[in-house]
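This briefing presents selected features of one protein structure for a first-year reader. Please keep the structure in view while reading the points below.

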Amino acid sequence: MSEDIEAGRRRWRERYDASPVRDADFTTLSGMQVDPAYGPPDGAEVPDFERIGWPGEFPYTRGLYPTGYRGRAWTIRQFAGFGNAQQTNERYKMILRSGGGGLSVAFDMPTLMGRDSDDPRSLGEVGHCGVAIDSLADMEVLFDGIPLADTTTSMTISGPAVPLFCMYVVAAEKQGADISKLNGTLQTDIYKEYIAQKEWLFAPEPHLRLIGDLMEYCANEIPAYKPLSVSGYHIREAGSTAAQELAFTLADGFGYVELGLSRGLDIEKFAPGLSFFFDSHIDFFEEIAKFRAARRIWARWMRDVYGAKTAKAQWLRFHTQTAGVSLTAQQPYNNVVRTAVEALAAVLGGTNSLHTNALDETLALPTAQAAEIALRTQQVIGDETGVMNVADPLGGSWYVEALTDKIEAEAEKIFAQIKRMGGGDDNEHDKEYDKEHDKEHAIGPMTSGILRGIEDGWFTGEIADSAFAYQVALEKGDKKIVGVNTNTETISGELEILRVSHEVERQQVKLLAARKASRDDAAVRAALGEMVRVSRTDENMLPSMLAAVRAEATVGEICGALKDEWGAYVEPARF
């Protein structure tokens with residue numbers, strides 16, 4: 001056993017020495033030298049140490065890279081969007097000037113639902129919870145002066161994700177970018193919409209058709225771009241436990257792996273294009289354990305169940321956002337502390353990128369000052385605390401390792417339940433998948449269970465039960481929130497919050513009308529007609545949708561044409 005540990009230490013050291021390391025001071029505040037990673041002392045016997053391992057080594061419990069953050073810091077990717085494209089463009093430039101490393105687009109509710117700003121159902125919602133994007137012209141303004149060829153951009157949208165992606169691609173083309181070199185992330189994850197957020201457009205099957213087409217297109221045309229960010233964030237915000245967030249999210253990810261394999265895609269090529277998006281909640285050690293367990297589970301399933309052989313196809317890369325649901329309207333300055341603790345948990349858990357919420361987000365969209373404090377929170381953690389000096393500094397902690405194991409075990413029980421719902425044998429999942437995959441375009445065993453769980457309302461029921469249990473504990477005082485059910489006295493006054501003027505909506509609708517009046521309507525109708533024709537075939541829909549975007553079809557027109565063809569989805573009632 002000790003020989004295996006020493007062999008692993010030597011492998012890690014060789015990889016570390018062969019890896020690039022940032023030019024930085026890797027000493028404590030007092031000037032003490034620290035090693036890049038720590039493990040058991042020489043000759044120690046540690047049962048099952050291979051489940052912990054070394055940084056950069058399967059099963060990646062301790063991180064994907066042997067250097068940890070010594071090699072590369074996490075990307076500071078602040079989530080922002082409000083009002084119109086011009087206003088959000090100005091906020092993005094402020095974030096980049098202040099040291100942000102990437103952008104993450106927040107869209108308003110009409111855009112998230114595939115509706116234009118002039119849709120009657122959009123009244124009063126335009127620009128209020130994110131930026132309004134109706135057409136290619138808006139996307140061009142959104143990134144004006146921001147070279148997309150050199151900026152990684154994440155877009156948080158699922159239902160109309162593919163039309164918005166097409167607008168992003170065409171906007172990059174018009175900037176003169178080499179499309180094949182674009183790098184960024186699109187959320188796209190439709191499973192979590194049925195499970196938690198409820199922002200779908202169609203039934204699951206048409207959405208999966210679009211996602212499969214997107215995966216194929218990116219694998220062939222934009223290999224560095226990540227077309228699918230599987231999101232647990234919204235599942236946790238809806239009230240799930242940490243283990244449920246982890247299990248539901250990874251199960252969704254396995255479903256998308258099965259989708260890619262059913263399309264005949266090479267897992268070694270498309271799996272690196274999958275990324276994940278997790279919540280970092282307020283229970284510090286539970287969150288760290290969740291992130292470590294996530295990497296280990298994903299690597300093992302990708303290798304043992306789905307046959308991925310390369311490290312990159314086994315890696316779980318993830319973005320983290322601090323918990324919006326943990327923020328309180330009462331004593332809002334306490335939210336700065338909560339966000340800092342949650343951000344530190346994400347970093348100690350090895351996140352690849354991070355968004356920190358602003359102190360006023362429970363009341364309104366962040367002011368520029370609140371957004372700056374949120375950004376500075378990450379910079380203080382990165383530059384002042386020393387947490388980037390050592391890879392997985394909590395690795396080997398009795399508590400952290402036990403908690404990591406416990407969350408993993410709970411997640412595995414949930415995977416087994418999902419597979420049983422789909423009629424699968426959870427004890428023979430690898431053999432079963434091979435058998436099912438022999439059938440062309442077969443629905444994989446995890447996919448079958450997910451779809452059944454959505455149809456039966458099982459996921460939403462499980463989350464509702466967890467949310468109710470927490471609320472009961474809160475009302476009894478077993479769980480405490482400072483400023484809400486304990487320490488409620490305060491001298492703080494009201495915050496000055498950001499308010500989006502209704503003039504934004506009026507101007508956006510007016511601008512949209514002008515754009516529609518000046519375009520070639522016959523070309524728009526022809527492009528939409530061709531897109532619908534392709535939807536009835538096995539052809540990839542991306543080229544026809546890109547053509548519709550170039551003809552200046554709007555988000556609402558593209559989504560409306562597909563709704564007319566595929567129908568809208570209504571969630572089954574569950575009592």
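In this predicted model, Leu-250 is in contact with Phe-276, Phe-278, Ala-294, Ile-297, Trp-298, Leu-316 and Phe-415, leaving aside its neighbours within four places in sequence. Leu-250 also belongs to the largest nonpolar core, which has 73 residues. In soluble globular proteins, nonpolar side chains tend to be buried together.

**Nonpolar cores**

- Within the largest core, the residues that touch the most other members are Leu-250, Tyr-306 and Phe-415.
- The greatest contribution to this core comes from helix H9 (residues 242-262), which supplies 10 residues.
- A second core, separate from the largest one, has 62 residues, including Phe-202, Val-549, Ala-553 and Leu-562.

**Helix H13 and its surroundings**

- Helix H13 covers residues 334-348.
- Its 15 residues should span 21 Å at 1.5 Å a residue, and the end C-alpha atoms are 22 Å apart, which agrees.
- Among the buried residues of H13 are Asn-335, Arg-338, Thr-339, Glu-342 and Leu-348.
- The buried residues of H13 pack against three strands and two helices: E6 (274-280), E7 (318-322), E8 (353-355), H11 (284-304) and H14 (368-384).
- Val-341, also in H13, is partly exposed because its relative accessible area is 30%, between the limits of 20% for buried and 50% for exposed.
- Together with Ile-282 and Val-337, Val-341 makes a nonpolar surface patch of about 220 Å².
- Gly-350 follows H13 and has a positive phi, near 90 degrees.

**Helix H7**

- Helix H7 (residues 204-221) has 18 residues and reaches 25 Å from its first C-alpha to its last, close to the 26 Å expected at 1.5 Å a residue.
- H7 is mostly covered, with 14 of its 18 residues buried.

**Backbone exceptions**

- Most residues other than glycine have a negative phi, and most peptide bonds are trans.
- Lys-198, in the loop between helix H6 (191-197) and H7, is not a glycine, yet its phi is positive, about 70 degrees.
- With a relative accessibility of 27%, Lys-198 counts as partly exposed.
- Glu-552 likewise has a positive phi, near 75 degrees, and is found in the loop between helix H21 (542-550) and helix H22 (555-566).
- Glu-552 is partly exposed, at a relative accessible area of 37%.
- Phe-58 and Pro-59 are joined by a cis peptide bond with an omega of about 10 degrees.
- Pro-59 is located in the loop between helix H1 (2-17) and strand E1 (75-80).

Notes
Residues numbered from 1 in each chain as written. Predicted model: local features only at pLDDT ≥ 70, side-chain atom pairs only at ≥ 80, totals over all residues. Heavy atoms only, no water. Patch = residues over 30% accessible without salt bridge, like charges linked within 9 Å, V, L, I, M, F, W, Y side chains within 5 Å. Areas by Shrake-Rupley, 256 points an atom, 1.4 Å probe, with all protein chains shown as cover. Salt bridge = Lys/Arg side-chain N within 4 Å of Asp/Glu carboxyl O. Helix = DSSP H or I, 4+ residues; strand = E, 2+ residues; numbered from the N terminus. Buried < 20%, exposed > 50% of the residue type's maximum accessible area, 1.4 Å probe, protein only. Core = buried A, V, L, I, M, F, W, Y, C linked by side-chain atoms within 4.5 Å. Contact = heavy atoms within 4.5 Å. Expected span 1.5 Å × (residues − 1).
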